[in-house]
Amino acid sequence: MKRRSLLVGLGAAAVAGCSRIADSGPGARALAAAEDWHRKAQRLFAARTALAPEYDRAAISPSFRGNGSLTVDTDAYRASLASGFADWRLNVRGLVRHPLSLSMDNIRRLPQRTQVTRHDCVEGWSAIGEWTGPQLGLILSAAQLLPQAKYVVFRCADRLRGAPYYESIDLIDAFHPQTIVAHRLNGEPLPERNGAPLRLRVERQLGYKHAKYLTAIEAVASLDGIGGGAGGYWEDRGYQWYAGV
Ligand SMILES: Nc1nc2c(c(=O)[nH]1)N[C@H]1C(S)=C(S)[C@@H](COP(=O)(O)O)O[C@H]1N2
Ligand SMILES: [Mo]
């Protein structure tokens, strides 16, 4: 209650201050500019935090195609796949207070989110699927980001045409409620072609941001010096880093 009345008091003071500034010419212009900025910031923020559409299970595509890498071409991956990914680890590292090394069991025991969403690939196809996994925000909260962390980088086990696939997002997308580390598709363990055993779902973004075959999540202050420096495999080859749908 105390905090609330303090905020109400501050609000009243700010409004009184504003109306005094608004009386004079330059003040009025400054206020109009500030209001304009606020309106734009508000719209931007609302757009960034809004939920992506979710669908009924009836809308799920009969088959969710694979794109890009359809497997990881290493003996280690084939052995891991054969063992049901018993030895797979998702490392959470970089600018975190508590680095984590999560097993598939650890991932499955976290609170889960299930969402039926549409995936849009820039190559011109879409598919609807039901994804399940813990929210990325939950994992990052457990690891405790350090104040310098600005981006989250996703490391993948595969190489695409010889180069390691990787991706990155900012903290707004990282803590978005529909951003999950998925280990199930349509009620089954993630198929090999769709990124087994773990892939990112970042539902406000285009397909190439949804990194498959996840091995590590790295909190960083800057994207400089990572891969080609543009923040992702396709970004290094000219695609937009912020690929909102
Ligand atoms: N590790 C990795 N992640 C990746 C890719 C890839 O080649 N390697 N391709 C991307 C692209 S372009 C798309 S459209 C989606 C495809 O996901 P899907 O194979 O489940 O359809 O994964 C994205 N994530
Ligand atoms: Mo894509």
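Which pocket does ligand 1 take up? In this predicted model, where local features need pLDDT of at least 70, side-chain atom pairs count only at pLDDT 80 or more, and totals for chains, interfaces and linings use all residues, numbering runs from 1 along each chain as its sequence is written. Chains are lettered from A and ligands numbered from 1 in the order in which they are written, and side-chain values use heavy atoms, with hydrogens and water left out.

Ligand 1 fills the space of the largest pocket. Here a pocket is an open set of points, on a 1 Å grid over the protein atoms alone, where a 1.4 Å probe fits, with protein on both sides within 12 Å along at least five of seven lines; a molecule sits in it if more than half of its atoms lie within 2 Å of its grid points.

The shell around ligand 1 holds 22 residues, the closest being Arg65, Asn67, Asp158, Asn194 and Lys212 (a heavy atom within 4 Å). By class, nine are nonpolar, eight polar and five charged, with Asp, Glu, Lys and Arg counted as charged, Ala, Val, Leu, Ile, Met, Phe, Trp, Tyr, Cys and Pro as nonpolar, and the others, Gly among them, as polar. Strand 5 (151-160) and strand 3 (113-121) each supply at least two shell residues, and strand 5 gives the most, with three; strands are DSSP runs (E, at least two residues), numbered from the N terminus.

Polar contacts (N or O pairs within 3.5 Å) to oxygen atoms of ligand 1 include the side chain of Lys212 at 2.5 Å, a backbone atom of Arg65 at 2.7 Å and one of Ser69 at 2.9 Å. The protein covers 99% of the 540 Å² of accessible area that ligand 1 has on its own (Shrake-Rupley, 1.4 Å probe).

Terms used. Polar contact = N/O pair within 3.5 Å; in protein donor to acceptor, adjacent residues only side chain to side chain. 1 Å grid on protein atoms, 1.4 Å probe; cavity = no way out; pocket = protein on both sides within 12 Å on 5 of 7 lines; lining within 4 Å. Helix = DSSP H or I, 4+ residues; strand = E, 2+ residues; numbered from the N terminus.
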